[in-house]
Amino acid sequence: MSKMVAIRVPRNMRAKRELLKHAPKLVENGKKMLILHGTKTSTVLNDVLADLFHLKRDHAVKYTKKNDNIRPFESGGETSLEFFSLKSDCSLLVYGSHSKKRPNNLVLGRTYDHHIYDLVEVGVENYKSIESYAYDKKLAPKLGTKPFFAFIGEHFESVDELKHLKEMLLDHFKGEVVENLNLAGVDRIFVCTAISPTTVYMMHCALRLKRSGTSIPRMELVEVGPSMDLVVRRHQRPSESLQKEAMKAPGHAKKVKNVTNNPIDGKEGRIYIPDQEVSKLTLTSDIKGLKRERREAKKNKENSKKQKVNPE
């Protein structure tokens with residue numbers, strides 16, 4: 001059975017402007033994370049990928065099958081990543097692999113229009129899993145809550161690799177974009193400390209709110225895991241043209257006056273022509289129509305003269 005849907009059509013331009021003013025804002029949906037395994041992974045790396053999926057399990061997709069044709073930093077090696085990104089509708093990527101040259105290797109990436117946008121490759125050291133921490137389970141962060149972030153160290157502002165890693169971590173773990181936030185619902189924080197220009201110590205903590213005698217509660221951090229050292233190995237920035245295209249904010253198209261799009265005739269326009277007063281127009285003698293009249297009058301005059309000279 002078909003359903004009738006009422007569509008509000010503005011009667012004039014003023015009504016159309018009011019409808020656009022109260023139209024809902026275009027908001028980007030929450031980004032999902034895709035977690036993939038390489039040809040070979042270590043036990044440490046398997047635990048890392050499992051814990052990352054646990055932290056993002058409400059907005060994450062994890063494939064456990066090994067992939068041997070993914071090489072993110074090589075030309076043509078990113079094709080499989082882009083395919084899986086399109087298949088799972090995920091714009092955030094986490095790819096884990098292990099080799100003698102790059103042990104416990106983790107690649108964090110972002111996509112734009114399901115094509116690789118940028119990449120950061122890090123090595124995982126001194127890893128401690130969630131299961132290795134003993135704490136009151138009542139303090140465990142709830143699913144889907146927004147986290148705080150604390151970036152400690154001047155290297156996050158001066159070193160390009162750590163600036164890039166900071167952007168990547170924020171995009172991977174910040175969750176959905178919201179306008180208002182209830183302080184009672186914030187129960188976790190990621191603390192990232194720049195130990196050196198290439199190493200960041202990252203730990204995940206739960207927040208415990210206590211009375212402080214004021215309206216602002218006192219916060220205590222309880223480490224709940226995971227925690228690890230991230231050593232930056234390689235990173236790849238987007239091109240200027242791709243970055244400019246990705247940074248464009250969605251919005252309504254700018255209205256062009258007196259121009260409409262017709263599905264049959266295409267683009268149509270209207271122009272304003274003032275009323276013409278023919279009586280006030282000045283006519284010159286160079287008009288073709290007048291020349292023709294003069295020629296005909298001259299010819300008729302010559303014919304009349306011939307008739308007078310040669311009467312019948």
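**Notebook: a nine-stranded sheet and its helices**

I began with one residue pair in this predicted model: His37 stands opposite Lys66 in β2. I then looked up the strand that pairs with β2 there. Strand β1, residues 33-37, is joined to β2 by four bridges, and the two run parallel.

**Entry: helices on the sheet**

I next asked which strands helix α3 touches. Helix α3, residues 79-88, packs on the sheet and is in contact with β1, β2, β3 (92-97), β4 (105-112) and β5 (115-128). I recorded the direction of α3 as making about 135° with that of β1.

I looked up helix α5 in the same way. Helix α5 spans residues 160-173 and also packs on the sheet. Its contacts are with β1, β3, β4, β5, β6, β7 (188-196), β8 (199-210) and β9 (218-236). The direction of α5 makes about 70° with that of β4.

**Entry: the sheet as a whole**

I then traced the strand order. The sheet is open, has nine strands and follows the order β2-β1-β3-β4-β5-β9-β8-β7-β6, with mixed pairing. Which strands lie at the edges? They are β2 (60-66) and β6 (148-152), each of which pairs on one side only. From one strand to the next, I noted a twist that averages 25°.

As background, I kept in mind that strands of a sheet pair through backbone hydrogen bonds, either parallel or antiparallel.

**Entry: β7 and its two neighbours**

I turned to β7, for which I looked up both pairings. Five bridges join β6 to β7, and this pair runs parallel; within it, Phe148 stands opposite Ile189 in β7. Eight bridges join β7 to β8, and these strands run antiparallel. Here I found that Phe190 has His204 in β8 as its bridge partner. The connection from β7 to β8 is a hairpin through two residues.

I also asked how many residues of β7 are buried. The count is seven of its nine residues, and the strand is thus recorded as mostly covered.

**Entry: a nonpolar surface patch**

Finally, I looked up the surface. Leu183, Leu209 and Met219 make a nonpolar patch of about 230 Å². I located Leu183 in the loop between α5 and β7. Is Leu183 buried, partly exposed or exposed? Its relative accessible area is 38%, so I entered Leu183 as partly exposed. That value fits its place in the patch, because patch residues need over 30% relative accessible area.

Methods
Residues numbered from 1 in each chain as written. Predicted model: local features only at pLDDT ≥ 70, side-chain atom pairs only at ≥ 80, totals over all residues. Heavy atoms only, no water. Pairing = 2+ DSSP bridges. Axes fitted to C-alpha atoms, helices over the stretch in contact; angles between N-to-C directions. Contact = heavy atoms within 4.5 Å. Patch = residues over 30% accessible without salt bridge, like charges linked within 9 Å, V, L, I, M, F, W, Y side chains within 5 Å. Areas by Shrake-Rupley, 256 points an atom, 1.4 Å probe, with all protein chains shown as cover. Salt bridge = Lys/Arg side-chain N within 4 Å of Asp/Glu carboxyl O. Buried < 20%, exposed > 50% of the residue type's maximum accessible area, 1.4 Å probe, protein only.
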